[in-house]
Amino acid sequence: MNITVKKINSLNGEIEIPSDKSITHRAFLFSALTKGKCTITNFSRGEDCLSTLKIIEQLGCNIKHINPKKIIIDAQNALKAPSIPLNCGNSGTTTRLISGILAGQNFNSKLFGDESLSKRPMKRVIAPLELMGANFLHNDFKLPIEIKGTKLKGINYISPLASAQVKSCILLAGLNADGVTSFTEPYKSRNHTELMFKYMGADIKEEGNKVIVRKSQLNPVDITVNGDISSAAFFITAALIVPNSDIIIRNVGINETRTGILDVYKAMNADIEIINERIISNEKTADIRVKFSNLKSTVIEGDIIPRLIDEIPVIAVAATQAQGTTIIKNAQDLRNKEADRITAIKTELNKLGADIDETQDGLIIKGKTQLTGDCVCECYHDHRIAMSEYVAGLICHNPIKINEFQWVNISFPEFLNLFENIKQ
Ligand code: S3P
């Protein structure tokens with residue numbers, strides 16, 4: 001699907017943001033490990049999460065669709081050997097988390113994915129799982145991989161990367177491994193696994209950046225998934241840079257390990273207000289009011305990076321409208337996402353008239369620039385690059401075209417409709 005995006009006058013009104021992708025993956029996978037039924041309400045219907053749902057069905061779970069927002073997952077006591085290879089689609093989270101579950105089963109399985117996922121590094125999970133005794137067959141640590149299920153033993157793993165996917169993989173393996181498993185990361189990455197494990201009664205403890213888990217059984221629970229701040233990020237950014245905007249975004253997850261974008265925008269002089277804070281299924285949630293703001297530049301580096309890793313492409317869009325030079329450092333893992341997001345966002349925003357350079361681990365963005373547009377953007381098989389380009393298109397002097405915009409469906413099928421509701 002190719003689309004055209006035109007300059008708009010303002011964004012005004014209220015929207016409810018769709019549910020969190022990271023939490024939905026975990027709700028599906030962890031339900032599959034219980035010995036009972038879990039009801040999941042307000043789950044993400046993005047293609048990535050549907051890949052996870054399909055996989056747990058192929059592993060023997062019974063899925064009952066109550067309505068478009070509610071399902072019951074009946075784990076039927078234990079996972080069963082899948083009869084066919086499991087398709088992870090475009091989803092790194094599915095691949096990394098399910099690897100931690102499958103490595104310790106008493107059956108074998110195979111994982112594969114699409115072209116983009118097949119290029120992404122899996123050594124980050126295969127290496128620590130092998131230390132736990134896991135058996136893999138792979139070609140240069142890339143998909144497709146075969147997993148020969150076996151009994152695992154606990155390890156104390158010091159991770160060179162701050163990664164919630166790696167952490168969750170090892171904690172999931174640890175749930176089913178003999179003894180104690182610990183995972184220590186250099187900075188705290190998103191902690192949805194820790195919170196949901198606690199909610200489901202696992203034996204888990206946190207000591208700073210270290211998480212310790214012992215072999216334990218997850219209890220069946222009902223989970224309501226809150227809205228995804230990574231999806232809200234596109235609306236927050238658009239309202240900040242489109243003059244005269246004033247919007248309210250309802251039901252946004254504000255777990256501290258995800259709110260780096262709010263801290264950065266506040267440092268950039270953004271008018272953002274958090275209202276109506278509450279807790280939903282052990283996760284902090286709120287409504288967010290955002291108004292157009294005169295942004296100034298900032299430096300983004302160090303321990304904030306894992307707290308906003310998925311938002312960097314759209315933060316780069318905001319930085320083109322900030323007075324001064326914004327510098328983003330220590331974000332080298334952005335090159336290992338659905339696309340090399342450092343090169344992709346630099347290339348595409350420069351086409352629109354921005355002034356961006358890339359470094360090995362980040363970006364240097366000079367603002368404020370009037371984006372000219374009048375060009376054709378590519379999505380690189382990457383939903384977040386596609387949506388960032390759309391936001392930039394809203395302030396370009398001339399219309400822009402975006403090719404293959406269907407990549408948005410990976411996380412946010414409702415994206416265009418929600419924008420239409422608040423565009424003036
Ligand atoms: C995710 C963790 C992050 C993030 C991804 C989702 C998760 O990846 O980029 O979109 O749900 O655990 P890393 O853990 O590889 O940084």
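A pocket is an open set of points, on a 1 Å grid over the protein atoms alone, with protein on both sides within 12 Å along at least five of seven lines, and its lining residues have an atom within 4 Å of a point. Grid points are joined across faces, edges and corners, and a volume is the space filled by probe spheres set on the points.

This is a predicted model, where local features need pLDDT of at least 70 and side-chain atom pairs count only at pLDDT 80 or more, while totals for chains, interfaces and linings use all residues. Residues are numbered from 1 along each chain as its sequence is written, and side-chain values use heavy atoms, with hydrogens and water left out.

**Stop 1: the largest pocket**

Select Ala162, Ser163, Ile309, Asp333 and Lys337. Of the 34 lining residues of the largest pocket, these are the closest to its centre. The space here comes to about 610 Å³. Now colour helices α1 (21-31), α3 (92-102) and α5 (164-175): these are the elements that give two or more residues to the lining. Helices (H or I, at least four residues) and strands (E, at least two) are DSSP runs, numbered from the N terminus. α1 gives the most, with 3 residues.

What classes of residue form the lining of the largest pocket? There are 10 nonpolar, 10 polar and 14 charged residues. Here Ala, Val, Leu, Ile, Met, Phe, Trp, Tyr, Cys and Pro count as nonpolar, Asp, Glu, Lys and Arg as charged, and the others, Gly among them, as polar.

**Stop 2: the second largest pocket**

Select Leu33, Lys35, Gln105, Asn176 and Gln217. They are the closest to the centre of the second largest pocket, out of 17 lining residues. Its volume is about 350 Å³. The lining holds 8 nonpolar, 7 polar and 2 charged residues.

**Stop 3: enclosed space**

Next, the cavities. A cavity is a set of grid points where a 1.4 Å probe fits but cannot get out. The count is 2 cavities of 30 Å³ or more. The largest has a volume of about 70 Å³. To frame this cavity, select Ile23, His192, Leu195, Met196, Ile223, Thr224, Val225, Asn226, Ile280, Ser281 and Glu283, which line it. α6 (192-199) and β14 (222-224) are the elements that give two or more residues to this lining. The largest share, 3 residues, comes from α6. By class, the lining divides into 6 nonpolar, 4 polar and 1 charged.

The second largest cavity holds about 40 Å³ of space. Its lining includes Asp20, Gly227, Gly253, Arg258 and Lys284. Ile23, His192, Asn226 and Glu283 are among the residues lining the second largest cavity, and they also line the largest. The second lining has 3 nonpolar, 5 polar and 4 charged residues.

**Stop 4: the nonpolar cores**

A nonpolar core is a set of buried Ala, Val, Leu, Ile, Met, Phe, Trp, Tyr and Cys residues joined through side-chain atoms within 4.5 Å. Buried means under 20% relative accessible area, exposed over 50%, and partly exposed in between (1.4 Å probe, protein chains only).

Select Phe235, Ile236, Ile249, Tyr265 and Phe415. In the largest core, of 81 residues, these touch the most other members. Helix α7 (residues 229-241) supplies the largest share of this core, 10 residues. Zoom in on Tyr265. Not counting residues up to four places away in sequence, its contacts (heavy atoms within 4.5 Å) are Ile236, Thr237, Leu240, Ala270, Ile272, Val314, Ile315 and Ala318.

**Stop 5: the aromatic cluster**

Rings of Phe, Tyr and Trp (its six-membered ring) pair if their centres lie within 6.5 Å; planes under 30 degrees apart count as stacked, over 60 as edge-to-face and the rest as tilted. The count is 13 aromatic pairs.

Show Tyr390 and Phe405. Their ring centres are 6.0 Å apart and their planes at 40 degrees, so the pair is tilted. Tyr390 sits in helix α11 (residues 383-393), and Phe405 in the loop between β23 (400-402) and α12 (415-422). Tyr390 is buried, at 2% relative accessible area, and Phe405 is buried, at 0%.

Move to Phe412 and Phe415. Their centres lie 5.4 Å apart with planes at 80 degrees, so this pair is edge-to-face. Phe412 is buried, at 0%; Phe415 also counts as buried, at 0%. Finally, select Phe234, Phe235 and Phe419 as well: ring pairs link them with Tyr390, Phe405, Phe412 and Phe415 into a cluster.
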